[in-house]
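Dear colleague,

Please find below the structure that I am handing over to you, with the sequence alongside. My notes on what was found in the structure follow directly after it.

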Amino acid sequence: MAESTIQQQPLMGWDKPELDLSNAQWQSSSRGLGDVQIAFVEGFIAMRNSGSPQSPSLIFTPAEWGAFVSGAREGEFDLT
């Protein structure tokens with residue numbers, strides 16, 4: 001079977017920069033009891049799985065983060 005390479009193009013409307021998260025100050029959620037960590041980097045909020053920190057991080061604008069947290073508080077997301 002021949003190997004193939006898929007080139008990914010940025011999503012339409014994707015206006016977030018490639019952030020350098022190597023020196024980010026990660027903070028645990030839920031007072032250290034959760035599986036999620038967040039960091040504030042260059043005006044954005046990055047979120048990662050604390051059990052797998054090498055995995056890709058989600059990047060939120062402040063408005064997106066506010067909507068995410070609001071939805072989580074209403075039970076729309078399970079953060080534990």
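**Aromatic residues and the fold around them**

Phe60 is buried, its relative accessible area being 11%. Please bear in mind throughout that this is a predicted model.

Phe60 belongs to an aromatic pair with Phe68. The two ring centres lie 5.2 Å apart and the planes meet at 40 degrees, which makes the pair a tilted one. Phe68 also counts as buried, with a relative accessibility of 12%. Across the whole structure, the search returned 3 aromatic pairs. Ring pairs also bring in Trp65, so that Phe60, Trp65 and Phe68 are linked into a cluster.

**Overall architecture**

The protein chain contains 4 strands and 1 helix, and the order of its elements from the N terminus is β-β-β-β-α. Of its 80 residues, 30% are buried. The accessible surface amounts to about 6500 Å², and carbon and sulfur atoms account for 51% of that area. If one takes the contacts between residues at least 6 apart in sequence, 19% of them join residues at least 24 apart.

**The sheet and the helix**

The 4 strands form an open sheet in the order S1-S2-S3-S4, and their pairing is antiparallel. The edges are occupied by S1 (27-28) and S4 (58-60); each has a single partner strand, so one side of each is left without a neighbour in the sheet.

Strand S2 covers residues 36-41 and is joined to S1 by 2 bridges, the two strands running antiparallel. In these bridges, Gln27 has Ile38 as its partner, and Ser28 has Gln37. On its other pairing, S2 is joined to S3 by 6 bridges, again in antiparallel fashion. One bridge in this pairing sets Val41 of S2 against Phe44 of S3.

Helix H1, residues 62-73, lies across S2, S3 (44-49) and S4. The helix runs at about 105 degrees to S4.

**Strand S2 in detail**

How many of the 6 residues of S2 are buried? The number is 5, and the strand is therefore largely enclosed by the rest of the structure. Two residues of this strand illustrate its surroundings.

Ala39 is found in S2. Its relative accessible area is 0%, and Ala39 is therefore classed as buried, the limit being under 20%. Leaving out residues up to four places away in sequence, Ala39 touches Ala24, Gln25 and Trp26, as well as Phe44, Ile45 and Ala46. The C-alpha atoms of Ala39 and Ser28 are 9.1 Å apart, with a sequence separation of 11 residues.

Gln37 lies in the strand as well. At 14% relative accessibility, Gln37 is buried. The side chain of Gln37 makes a polar contact of 2.7 Å with the side chain of Arg48. When neighbours within four places in sequence are set aside, the contacts of Gln37 comprise Trp26, Gln27, Ser28, Ala46, Met47, Arg48 and Ser50. Ser28 thus appears among the contacts of Gln37 and is also its bridge partner.

**The hairpin between S2 and S3**

Which residue in the hairpin of S2 and S3 takes a positive phi? The residue is Glu42, in a hairpin with 2 residues between the strands. Its phi is near 50 degrees, a positive value in a residue other than glycine. Glu42 lies in the loop that separates S2 from S3. With a relative accessibility of 61%, Glu42 counts as exposed, whereas Gln37 in the preceding strand is buried.

**Points to look at**

When you open the model, I would suggest the following places:

- the tilted pair of Phe60 and Phe68, together with Trp65 in the cluster;
- the polar contact between the side chains of Gln37 and Arg48;
- Glu42 and its positive phi in the loop between S2 and S3.

With kind regards

Terms used
Residues numbered from 1 in each chain as written. Predicted model: local features only at pLDDT ≥ 70, side-chain atom pairs only at ≥ 80, totals over all residues. Heavy atoms only, no water. Pairing = 2+ DSSP bridges. Contact = heavy atoms within 4.5 Å. Axes fitted to C-alpha atoms, helices over the stretch in contact; angles between N-to-C directions. Buried < 20%, exposed > 50% of the residue type's maximum accessible area, 1.4 Å probe, protein only. Phe/Tyr/Trp six-rings, centres within 6.5 Å; stacked < 30°, edge-to-face > 60°. Areas by Shrake-Rupley, 256 points an atom, 1.4 Å probe, with all protein chains shown as cover. Polar contact = N/O pair within 3.5 Å; in protein donor to acceptor, adjacent residues only side chain to side chain.
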